[in-house]
Amino acid sequence: MMGLGSAIGAGLFLGTGVGIATAGPAVLLSYLLAGIVVVFVMRMLGEMGAAIPTSGSFADYARIGIGDWAGFVCGWLYWFMLIMVLGAEITGASSIVNGWLPSVPQWVVALVFVVVFAAINLARVANFGEFEFWFAAIKVAVIIAFLVIGVLLVFGLLPDTDPVGTSNLLGDGGFMPNGFAGVAAGLLVVAFAFGGIEIVTIAAAESDDPKRAIAAAVRSVVWRIGVFYIGSVLLMVVLLPWADADQGSGPFVGVLDQAHIPGVSGFMELVVVVALLSAFNANIYATSRMAFSLSRRGDGAQFLTKLSNSGVPYAAVLLSVFFGFVSVLLNWWLPDQLLGLLLNAVGAALLVIWTFIVVAHLRLRPRLEREGALTVRMWWFPYLSWLTLAMLGGFVVLMAFDTDARQQLIATFVLFLVLCVLSLLNARRRRDAPVH
């Protein structure tokens, strides 16, 4: 549920329309390809997580499988990526609530949200898990209701509706109106919609039985992605003209409007707020645990390793909350262009992290097999692992030929180089530090 809580955000509820408008009905192929990569990456991550449960998750596996520098770069790249996302999530949620309560300044709403979720994350991890479970449950319930209503609309089983046929799916330019270029561009849009689902292995490491929890969570990823993502998008492209999918309040509202459900726009606004707050909550958790894990092994400041009586890394939580609020201030005080430059660095970071996971898995699998530590196994090793690496390389090539995505790729590459230099300086500092 926590993996879904982080991955099912405004990107699915509102951003899906961008992908449909880019690729047409063929966005189904984009989601299918991106979904395959995510399932394979999660399977590899689950294999390593069940064998070596740790709150550092993929950063630790990169360190063990590739080298200390890889653990440093992977961990802090992930931390940076989510810190930048935190500001966008809390700003989006507070903006919507400010529309409901215009007499309350937006910064007050944002401050209340930040304080509340700081308190939740500073409490016992079980409290955090409880909040995130119910947040995710609300989103999952909405998607299931959407799927049921959508199927009834397709077959004309609701009052005042007729079967829709295939006119939207195959008409107006056909299934692939913008050709393979549209599918490729759509792939770049939807690939990042799956970001956040890897948080499940970080959280499961703190459960009572990490090996069993990680194995169960990873196995459920396959059908959940198939049902929630691809099922939702299939209904959208069947029920909506693809050229109109990115208009209005998003494709979810567009589909539900056809069912003539009163108040649907306001309800979906509420769902989007819940989605944003859920992702904000999950990302505070993920960034704090990553900072704690990195610092505990000498790749960060030692004060970040401090634990509360209930075992929560409170200093790391406060650091994440602080930078999340700084990101909110950046949204208000600085021009959109400057914030855009910062957010551009997030764009391709997910691909770099997934690449680290795949390479670490290729290096670690033989060792874990020799030790008899495998309870979850990647299918058809090493062939599907190499195929996943090739597909990630294909995403990078597509980004290089897309004007907007190329800027994200360059920004992420610069950040990657900066982190590599910092990892070398950190290694030298640790080597030269006096032994007590």
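Two residues are in contact when heavy atoms of theirs lie within 4.5 Å. The exercises below concern a predicted model.

**Exercise 1. State which residues of helices H18 and H19 meet, and characterise their contact.**

*Solution.* Step 1: locate the helices. H18 covers residues 383-400, and H19 covers residues 403-432.

Step 2: describe the geometry. The two axes come within 7 Å and cross at roughly 115°.

Step 3: list the residues. From H18, Val-396, Met-399 and Ala-400 take part, and they meet Ala-405, Arg-406, Gln-408 and Leu-409 of H19.

Step 4: classify them. The contact of H18 with H19 comprises 5 nonpolar residues, 1 polar and 1 charged.

**Exercise 2. Determine how H5 and H17 pack, and which residues of H5 meet H17.**

*Solution.* Step 1: choose the descriptors. Two packed helices are described by the angle between their axes and by the distance between the axes.

Step 2: apply them. Helix H5 (residues 57-65) packs against H17 at an angle of about 55°, and the axes are 8 Å apart.

Step 3: assign the class. An angle of 35 degrees or more that stays below 65 is neither roughly parallel nor roughly perpendicular; H5 is therefore oblique to H17. The crossing of these helices is left-handed.

Step 4: name the residues. H5 contributes Phe-58, Tyr-61, Ala-62, Ile-64 and Gly-65. Their counterparts in H17 include Ile-353, Phe-356, Ile-357 and Arg-363.

Step 5: classify them. The contact of H5 with H17 divides into 9 nonpolar residues, 1 polar and 2 charged.

**Exercise 3. Classify the aromatic pair of Trp-69 and Phe-356, and place both residues in the chain.**

*Solution.* Step 1: set the context. The whole structure holds 11 aromatic pairs.

Step 2: read the geometry. In the pair of Trp-69 and Phe-356, the ring centres are 6.0 Å apart and the planes stand at 65°. Planes over 60 degrees apart count as edge-to-face, and the pair of Trp-69 and Phe-356 is accordingly edge-to-face.

Step 3: place the residues. Trp-69 belongs to helix H6 (residues 68-100) and Phe-356 to helix H17 (residues 349-370), so that the pair links distant parts of the chain, 287 residues apart.

Step 4: compare their exposure. Trp-69 is partly exposed, at a relative accessible area of 38%, whereas Phe-356 is buried, at 8% relative accessibility.

Step 5: follow Phe-356 to a further partner. The rings of Phe-356 and Phe-416 have centres 6.4 Å apart and planes at 35°, so this pair is tilted. Because Phe-356 lies in H17 and Phe-416 in H19, the pair ties together parts 60 residues apart in sequence.

**Exercise 4. Establish whether Val-264 is buried or exposed, and identify its contacts beyond its neighbours within four places in sequence.**

*Solution.* Step 1: locate the residue. Val-264 is in helix H14 (residues 264-296).

Step 2: judge the exposure. Residues under 20% relative accessible area count as buried; Val-264, at 6%, is therefore buried.

Step 3: list the contacts. With neighbours within four places in sequence set aside, Val-264 touches Val-253, Leu-256 and Asp-257.

Step 4: examine helix H13 (residues 251-258). Its buried residues are Pro-251, Phe-252, Val-253, Val-255 and Leu-256. Phe-252 and Val-264 are 12 residues apart along the chain, and their C-alpha atoms are separated by 9.6 Å.

Step 5: inspect the end of H13. Just after this helix, His-260 has a positive phi of about 55°.

Note on methods:
Residues numbered from 1 in each chain as written. Predicted model: local features only at pLDDT ≥ 70, side-chain atom pairs only at ≥ 80, totals over all residues. Heavy atoms only, no water. Phe/Tyr/Trp six-rings, centres within 6.5 Å; stacked < 30°, edge-to-face > 60°. Helix = DSSP H or I, 4+ residues; strand = E, 2+ residues; numbered from the N terminus. Buried < 20%, exposed > 50% of the residue type's maximum accessible area, 1.4 Å probe, protein only. Axes fitted to C-alpha atoms, helices over the stretch in contact; angles between N-to-C directions. Parallel < 35°, antiparallel > 145°, perpendicular 65-115°, else oblique. Left-handed = near helix turned anticlockwise from the far one by under 90°. Nonpolar A, V, L, I, M, F, W, Y, C, P; charged D, E, K, R; others polar.
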